[in-house]
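Biologist: Could you put the model up on the screen and walk me through it slowly? I would like to ask about a few places as we go.

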Amino acid sequence: MAELGSKGVTAGKIASNVQKKLTRAQEKVLQKLGKADETKDEQFEQCVQNFNKQLSEGTRLQKDLRTYLASVKAMHEASKKLTECLQEVYEPDWPGRDDTNKIAENNDLLWTDFHQKLVDQALLTMDTYLGQFPDIKSRIAKRGRKLVDYDSARHHFEALQTAKKKDETKIAKAEEELVKAQKVFEEMNVDLQEELPSLWNSRVGFYVNTFQSIAGLEENFHKEMSKLNQNLHDVLVGLDKQYSGNAFPVKAQPRKKTKLFARLRKKMSSDSTPAKANKSPSPPPDGSPITSPETKTVNHELEPSTLEAPGANIPKSPSQPAEAAHAGAEAAGSEAAAGAEASKTEADSGSSSLPAVVVETFPATVNGTVEGGASSERADMPPGFLFKVQAMHDYTATDSDELQLKAGDVVLVIPFENPEEQDEGWLMGVKESDWIQHKELDQCRGVFPENFTERVQ
């Protein structure tokens with residue numbers, strides 16, 4: 001206990017504080033339960049709401065300002081490295097060598113000065129502005145505690161006055177405590193009632209000064225930086241004039257894979273080799289005439305030779321004349337004729353009926369898309385249309401599967417049929433003018449370098 005006394009804290013003081021906390025807690029419980037009335041000041045509560053809003057806005061502004069300063073510092077470092085790179089690549093015998101060094105030095109000084117002025121005129125002012133809020137916030141909280149003490153003293157005094165058995169000594173003491181609590185509360189309340197509205201109104205001038213300072217610093221910084229950039233531009237113009245014959249050409253990214261259409265042509269050539277061998281069969285040993293095999297086309301009809309059963313009637317397509325069907329039947333091989341004859345004999349002898357032939361039909365597809373289905377493609381665009389690009393430079397095709405481009409040409413970009421065929425930096429497309437004229441992809445589409453174009457849609 002002596003130790004507590006040496007620090008200016010006595011047991012009585014501790015007990016008094018504990019008793020105050022218990023009394024306040026009890027009073028708040030009674031108020032929440034509606035068993036005790038609470039002194040309220042709507043005008044002051046509005047001031048407190050404004051204070052909290054002002055504190056929240058100021059804290060956010062301070063955070064964003066610090067982020068802005070960090071970005072300025074990062075830009076300074078990036079600009080410094082960029083100018084250092086320029087100094088390294090700028091050869092000593094080139095004109096303007098000393099000018100580039102001076103520009104780099106001034107560039108660094110400008111960034112440093114800009115950052116420091118932002119700290120002095122914006123960030124420090126912001127810190128000072130927010131520095132007054134913690135004290136006021138603490139006083140608002142203390143005022144709330146003193147209000148609870150005042151309400152508690154008032155309720156205690158009223159309870160003693162309305163008691164059936166009155167004790168004048170206790171009533172006098174309670175009244176004295178009430179007056180004391182009221183005085184403490186009102187002193188704090190009056191001060192805050194004056195300060196809070198004044199603080200709320202000061203925000204306008206603070207925001208004006210802060211953002212005016214930032215805007216003015218930025219304006220001066222960019223003016224000076226613009227002069228440096230113009231000087232650098234002039235130096236580089238002089239360098240370009242001396243070495244004007246060394247223009248930098250725009251080049252396409254090299255293609256590493258086998259050319260798409262060349263690969264397709266090779267594949268088609270290999271697939272057609274057996275067919276070519278079958279076009280000239282050797283004459284049969286018996287001297288019978290050579291019958292050219294029928295060319296089979298992919299359509300919805302199934303070949304008669306695969307469906308025709310002995311004695312069965314095969315319906316003809318409406319577009320196929322009866323004579324053509326009869327001629328096709330006469331051109332069948334001897335084995336088919338013998339089978340048909342045998343089937344006819346079995347039918348004449350009253351044999352059992354032939355099994356039914358199941359005919360399956362499949363929808364025709366074009367490039368993997370079912371015909372007749374709902375199409376999601378735009379009617380005026382090629383299938384699979386992705387977006388439009390416009391050529392920014394002329395491009396001379398170096399292979400048959402590449403598009404020849406002139407600056408201004410519009411190309412409709414479409415996907416590769418096989419994504420593995422796409423080289424990095426190359427797109428597949430068809431020039432809009434060719435598509436409008438021909439509506440044909442096979443003859444018009446081709447690949448082109450993406451860096452020669454710019455997306456327009």
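Biologist: Let's start with Asp 191: is it buried or exposed, or something in between?

Modeller: This is a predicted model, and in it Asp 191 counts as partly exposed, because its relative accessible area is 38%, which falls between the 20% limit for buried and the 50% limit for exposed. Its place is in helix H6.

Biologist: Which residues gather with Asp 191 in a patch?

Modeller: Glu 186, Glu 187 and Glu 194 gather with Asp 191, and together they make a patch of negative charge on the surface.

Biologist: And what about pairs of opposite charge? How many salt bridges does the count come to?

Modeller: The count comes to 12 salt bridges. As a general point, side chains of opposite charge can pair when their charged atoms come close.

Biologist: Staying in helix H6, how far apart are Lys 223 and Glu 219 along the chain?

Modeller: Lys 223 and Glu 219 are four residues apart in helix H6, which spans residues 168–242, and that spacing is about one turn of the helix. Their side chains meet in a salt bridge, with 3.6 Å from N to O. Lys 223 is partly exposed at 48% relative accessibility, and Glu 219 is also partly exposed, at 45%.

Biologist: What about a pair that links distant parts of the chain?

Modeller: Lys 388 and Glu 432 make a salt bridge, with 2.9 Å from N to O. Lys 388 lies in strand E3 (residues 387–391) and Glu 432 in helix H11 (residues 432–438), so this pair, 44 residues apart, links distant parts of the chain. Lys 388 counts as buried, because its relative accessibility is 14%, whereas Glu 432 is at 21% and therefore counts as partly exposed.

Biologist: Which residues are joined into one network by salt bridges that share partners?

Modeller: Asp 135, Arg 139 and Glu 195 are joined into one network in that way. Within it, Arg 139 forms a salt bridge with Asp 135, and the closest N and O atoms of that pair are 3.8 Å apart. Arg 139 and Asp 135 are separated by about one helical turn, because they stand four residues apart in helix H5 (residues 133–161). Asp 135 counts as partly exposed, at 46% relative accessibility.

Biologist: Let me change topic to the strands. How many of the residues in E5 are buried?

Modeller: Six of the six residues in strand E5, which covers residues 426–431, are buried, and the strand is described as mostly covered. In a regular strand the side chains alternate between the two faces of the sheet. In E5 both faces are covered, with Trp 426, Met 428 and Val 430 on one side, and Leu 427, Gly 429 and Lys 431 on the other.

Biologist: Which strands sit beside E5, then?

Modeller: Strand E4 (residues 410–414) pairs with E5 in the antiparallel sense over four bridges, and in that pairing Met 428 of E5 is the bridge partner of Ile 414. Strand E6 (residues 446–449) is joined to E5 by four bridges as well, and these two also run antiparallel. There, Gly 429 stands opposite Gly 446 in E6.

Biologist: And how many residues of E3 are buried, and what does E3 pair with?

Modeller: Four of the five residues of E3 are buried, so by the 20% limit this strand is mostly covered. E3 pairs with E4 in the antiparallel sense over four bridges, and Gln 390 stands opposite Val 410 in E4. Three bridges join E3 to strand E7 (residues 453–455), again running antiparallel, and here Arg 455 in E7 is the bridge partner of Val 389.

Biologist: One more thing: what is the phi of Lys 439?

Modeller: Phi of Lys 439 is near 55 degrees, which is a positive value in a residue other than glycine. Most residues other than glycine have a negative phi. Lys 439 is found in the loop between H11 and helix H12 (441–444), and it is partly exposed, with a relative accessible area of 44%.

Biologist: Last question: where is Thr 83, and is it buried or exposed?

Modeller: Thr 83 is found in helix H3, residues 42–89, and Thr 83 is buried, with a relative accessible area of 16%. Its C-alpha atom is separated by 8.9 Å from that of Asp 108, which is 25 residues away along the chain.

Conventions: Residues are numbered from 1 along each chain as its sequence is written. This is a predicted model: local features need pLDDT of at least 70, side-chain atom pairs count only at pLDDT 80 or more; totals for chains, interfaces and linings use all residues. Side-chain values use heavy atoms; hydrogens and water are left out. Buried means under 20% relative accessible area, exposed over 50%, partly exposed in between (1.4 Å probe, protein chains only). Two strands pair if DSSP finds at least two bridges between them. A salt bridge is a side-chain nitrogen of Lys or Arg within 4 Å of a carboxyl oxygen of Asp or Glu. Patches are made of residues with over 30% relative accessible area and no salt bridge: like charges are joined within 9 Å, nonpolar side chains (Val, Leu, Ile, Met, Phe, Trp, Tyr) within 5 Å. Accessible areas come from the Shrake-Rupley method with a 1.4 Å probe; for residues, only the protein chains shown count as cover. Lys and Arg count as positive and Asp and Glu as negative; His and the chain ends are not counted. The place of a charge is taken as NZ of Lys, CZ of Arg, CG of Asp or CD of Glu.
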